[in-house]
Amino acid sequence: MQPRAAANQITKALRLALPQDKWFPVDPLTIAQEFGVQVHEEDLGTGIEGAMLCSGKKSAIVINSRIRELGRRSFTAAHELGHYSLHRDRAELRCSFEDLVDTAPHPENIEQEANEFAMTLLMPMDDIREQAGTGVPTISMAKRLAMRYGTSLTATALRLRESSSKSFALAYVTSGQVRWWWPTSRFRWRMKRGQAWPSALLPCDDPESHDTRRLFGIEAKARLGEVLRVSGADMPNYDASLWIVETPDERRPWEWDKIEA
Ligand SMILES: [Zn+2]
């Protein structure tokens, strides 16, 4: 079964079983236990976030007890539940932090499939569309929805990116350099891994306007226009920061629906 379809099937069952005010945040470990999967927390050392083990009819999900942030723990649990739902034929899967942020389109990448499952289960598309409305996602919106879904800021922002047809890019920055750059298809400029992030930008929940050329140079200005709107947040637990860079929407409000339809 496809990852999204498998997750949506569980969402349907959850919504039939629970009153609406209990739909979020989704608790993947309780769901795993409902399936008869054992759930353990163990010290898996550094580098491994979680694991899924299968032997005969017994299955277990192990979450690394070193994970402190609830959002990351919940995403790891949902990712392992994804392996249980989709890849039970493997006896043992251990998943690293890198696995859990792999969103590159590899058709047979099981780590990406488990991530797709986790994103869909924790943040169902119908709900995130309803919550996000028609505006361009901002850090303040990502923070609000991260609370609703019990997810990390990065996972929530990635899901917002999937749900939106607007022109913007997400940047995950460590040590002043771009580590991941996730643009929407409408955003016509790319940063490379390792490229320096403008030190002039300061974290802010709501977007602030900046001169494109001053931030990213002449080529970016030619492709994106004179002004960019940027919001961003520090993530001290990861020694990283997350940014949303958008091109201003120059259409009139009454034109929005027409063009998106
Ligand atoms: Zn995995």
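In this predicted model, a good place to start is a single pair of residues: Ala171 stands opposite Trp181 in strand E6. The pair belongs to the ladder between strand E5 (residues 168-174) and E6, where the two strands run antiparallel and 6 bridges join them. A second pair in this ladder brings two valines face to face, with Val173 opposite Val178 in E6. The turn that links the strands is a hairpin with 2 residues between E5 and E6, and here Ser175 takes a positive phi near 45°.

Stepping back from this hairpin, E5 and E6 are part of an open sheet of 5 strands in the order E6-E5-E9-E8-E7, with antiparallel pairing. Strand E6 (177-183) lies at one edge and strand E7 (204-211) at the other, each pairing on one side only. Within this sheet, neighbouring strands are turned against each other by 25° on average, direction ignored.

The model also holds an open sheet of 4 strands, and this one is ordered E1-E3-E2-E4 with mixed pairing. Its edges are formed by strand E1 (38-42) and strand E4 (92-96), each of which pairs on one side only. From one strand to the next, the twist averages 15°. The parallel part of the pairing can be followed between E1 and strand E3 (residues 58-64), which share 5 bridges. In E3, the partner standing opposite Glu42 is Asn64.

At the level of the whole chain, the domain assignment gives domain 1 (3-122) and domain 2 (126-260). Taken over C-alpha atoms, the centres of the two domains are separated by 27 Å. Where they meet, 12 residues of domain 1 are in contact with 11 residues of domain 2. On the domain 1 side, helix H3 (70-86) and helix H5 (110-122) each supply at least two residues. The most is given by H3, with 5 residues on the side of domain 1 that touches domain 2. By character, the residues on this side of domain 1 divide into 7 nonpolar, 3 polar and 2 charged.

The nonpolar interior comes next. In soluble globular proteins, nonpolar side chains tend to be buried together. Here the largest nonpolar core has 57 residues, and those with the most contacts inside it are Ile61, Leu122 and Leu170. This core draws at least three residues from each of domain 1 and domain 2. The surroundings of Leu170 can be spelled out: leaving aside its neighbours within four places in sequence, Leu170 is in contact with Ala157, Leu158, Arg161, Trp182, Leu242, Trp243 and Ile244.

A final look goes to a loop residue, Asn109, which lies between helix H4 (97-100) and H5. Is Asn109 buried, exposed or partly exposed? Asn109 has 15 other C-beta atoms within 10 Å, and is therefore partly exposed, since a residue counts as buried at 20 or more such atoms and as exposed at 12 or fewer. Asn109 and Asp99 are 10 residues apart in sequence, while their C-alpha atoms are 9.9 Å apart in space.

Key:
Residues numbered from 1 in each chain as written. Predicted model: local features only at pLDDT ≥ 70, side-chain atom pairs only at ≥ 80, totals over all residues. Domains from an automatic or database assignment. Contact = placed C-beta atoms within 7 Å. Nonpolar A, V, L, I, M, F, W, Y, C, P; charged D, E, K, R; others polar. Pairing = 2+ DSSP bridges. Axes fitted to C-alpha atoms, helices over the stretch in contact; angles between N-to-C directions. Core = buried A, V, L, I, M, F, W, Y, C linked by C-beta atoms within 7 Å.
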